[in-house]
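Open the model in your viewer and get your selection tool ready. We will go from one stop to the next, choosing a region and seeing what is there.

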Amino acid sequence: MTNHYDTIIIGAGHNGLVAAAYLAKQGKKVLVLERRSIIGGSVVTESFGENFTVDSVQTGGRLRPDIIKDLKLPNTGLDGTSRPPFISLQPDGNHLILNEESIKRFSEKDASCWGEFVRFMDKAASILDAAYATIMPRLPKNLNLRDGYGLLELGLELRLAGRKDMINFIRALPMTVQELVEEYFESEVVRAAITSVAIHGSTLGPMSAGTGYTLIHNWMNRSGLANVNVGKAGEITNALADAVKSYGGEIRTESEVKNIKVENQIAKGVVLSNGEEISANVILSSADPKHTLLKLVGAQDLPPEFVWHTQSIKMRGSVAKIHLQTSGNHGISEGTSVVAPSIKYLERAYDSAKYGEISEKPYLEVTTSDNVVSIHFQFAPYTLKNSDWKTESANVEKLAIDTLAEYFPKLKSSIVNTKIITPKDLKETYGLTEGDINHGQLMLDQFLFMRPIPGWSNHKTPIDNLYLCGSGVHGGGGVSGAAGRNAVKVLK
Ligand SMILES: Cc1cc2nc3c(=O)[nH]c(=O)nc-3n(C[C@H](O)[C@H](O)[C@H](O)COP(=O)(O)OP(=O)(O)OC[C@H]3O[C@@H](n4cnc5c(N)ncnc54)[C@H](O)[C@@H]3O)c2cc1C
């Protein structure tokens, strides 16, 4: 077997596969190395037993339409054009579906504002999407001509968005999502339902600054409030893997990279856990920045200030997933349902995470796919102050089921089998440092030219020929593939 490649890509999540497919399409000799026995990273559909197949971590997702087109992927709805229902569960059974008609039952005024809110959020998401597609300059280090051109294009895009929307977009980013929704809506039920999407995946509460940004990010990722393509996450990464292979690229699973070989500040290749060495001209890592730089390279080969910045990247996973295999008689409607009765409820759920505790009254987001019910549970911090995940795993599973069963009385009797994925599992099985689902929190100080760290926002690292292409760099998180594609543009 040949052991020299033009490019080695570490990790077969969607970003690694997007980068690999573009490079293979350019005629490069490409090898993707994945530590798990299956590809997909967080965008994966797995089986936990007979009739128990599920999007195990990220629910569904949508890939950028231009990537689908460029790579000639079969687009069976992978760009997520549908808008499934988003339902806020209410204890009295008077559930809110976020559309004008249902909102009217809670407030006539809010129903009349809904259309304008959706219009603004769609516009804001499209502006953010354009920013994510733009390679950021290495501020404050330098601003070269090529970077300047990209920014010019982005500036034009912003200008075309119209002055009012552009200013409202910029204004919304640092706001708390509570303040943002208060400007549109008076009903607490409506407000809380929307704010839950802003805190989804973040260790932040609806009263935290910068949750205006996370709402726009998640709206962009889903093209609305509800998850799209539920049960089809694996189709996205399988289609990408097929594209890599069709362009002549190779993918190897069960191939964990133990370290990146560096000589005189130049990346030369990788060493696998089984001792095998593979050399390459260029290495792209879609593993998170902390793992790539501190574990696979190591502080000894990096400048001290860079190491300090990398160590300081905020990774604060606090998500657990609970999957329930049921008889099918669970009573939960299709779409995305949330337990988010009020903003105070969500903020108190977040308070627990601040103190290293599991929320006793958690925020839940629930999706169904055939007979399987999937529960996204927040907040369940990776680092627990007074306990550990071996002890708490069963408690969190029970708490999730008990909380949801208050709304669906038939749920408990319909359960056949369960599978919980704790933040510890997100690290150990899915390779996410500190269980952080976005490879680094989506916060304004880890945003644009500050992602992953200030001065290194253009996929490069202090090691020549080593680049980053996963969610922890600008363009990530989410399932758009922007981070993977942007990295390839930098290589040209
Ligand atoms: C529970 C959950 C919910 C989410 N919800 C949302 C959401 O609502 N909105 C949103 O925007 N995003 C969400 N995300 C985040 C989104 O799914 C991720 O940002 C995105 O999928 C990451 O893709 P990636 O390709 O960059 O990295 P990953 O999918 O993490 O892929 C990296 C790959 O690298 C492999 N790897 C790591 N180290 C090595 C090594 N040393 N050697 C070989 N291989 C290695 C890993 O096994 C993995 O397969 C969610 C994620 C999770 C887990």
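## A tour from the ligand outwards

Start by selecting the ligand together with helix H1 (14–25), helix H9 (211–222) and helix H11 (289–297): each of these helices supplies at least two residues of the shell around the ligand. Keep in mind as you look that this is a predicted model.

Next, show the whole shell, 40 residues in total, and highlight the closest ones: Gly-11, Gly-13, Gly-41, Gly-477 and Gly-478. If you colour the shell by class, you should find 13 nonpolar, 22 polar and 5 charged residues.

Now colour by domain. Domain 1 takes in 4–47 + 56–75 + 231–313 + 436–491, domain 2 covers 98–222, and domain 3 runs over 320–428. Which domains each give at least three residues to the shell around the ligand? Domain 1 and domain 2 both do.

Move on to domain 1 and domain 3, whose C-alpha centres are 30 Å apart. Look for where they touch: 5 residues of domain 1 are in contact with 6 residues of domain 3. On the domain 1 side of that contact, 2 residues are nonpolar, 3 are polar and none is charged.

For the last stop, select helix H17 (residues 482–491), where 8 of the 10 residues are buried. Those buried residues are Ala-482, Ala-483, Gly-484, Arg-485, Asn-486, Ala-487, Val-488 and Leu-491. To see what covers them, add H1, helix H2 (65–70), helix H4 (108–132), strand S10 (277–285) and strand S16 (466–468), which are among the covering elements. You have met H1 already, as a contributor to the ligand shell.

Conventions
Residues are numbered from 1 along each chain as its sequence is written. This is a predicted model: local features need pLDDT of at least 70, side-chain atom pairs count only at pLDDT 80 or more; totals for chains, interfaces and linings use all residues. Domain bounds come from an automatic or database domain assignment. Two residues are in contact if their C-beta atoms, placed from the backbone, lie within 7 Å. Ala, Val, Leu, Ile, Met, Phe, Trp, Tyr, Cys and Pro count as nonpolar, Asp, Glu, Lys and Arg as charged, and the others, Gly among them, as polar. A residue is near a molecule or strand if its C-beta atom, placed from the backbone, lies within 6 Å of it. Helices (H or I, at least four residues) and strands (E, at least two) are DSSP runs, numbered from the N terminus. A residue is buried if 20 or more other C-beta atoms lie within 10 Å of its own, exposed if 12 or fewer, and partly exposed in between; C-beta atoms are placed from the backbone.
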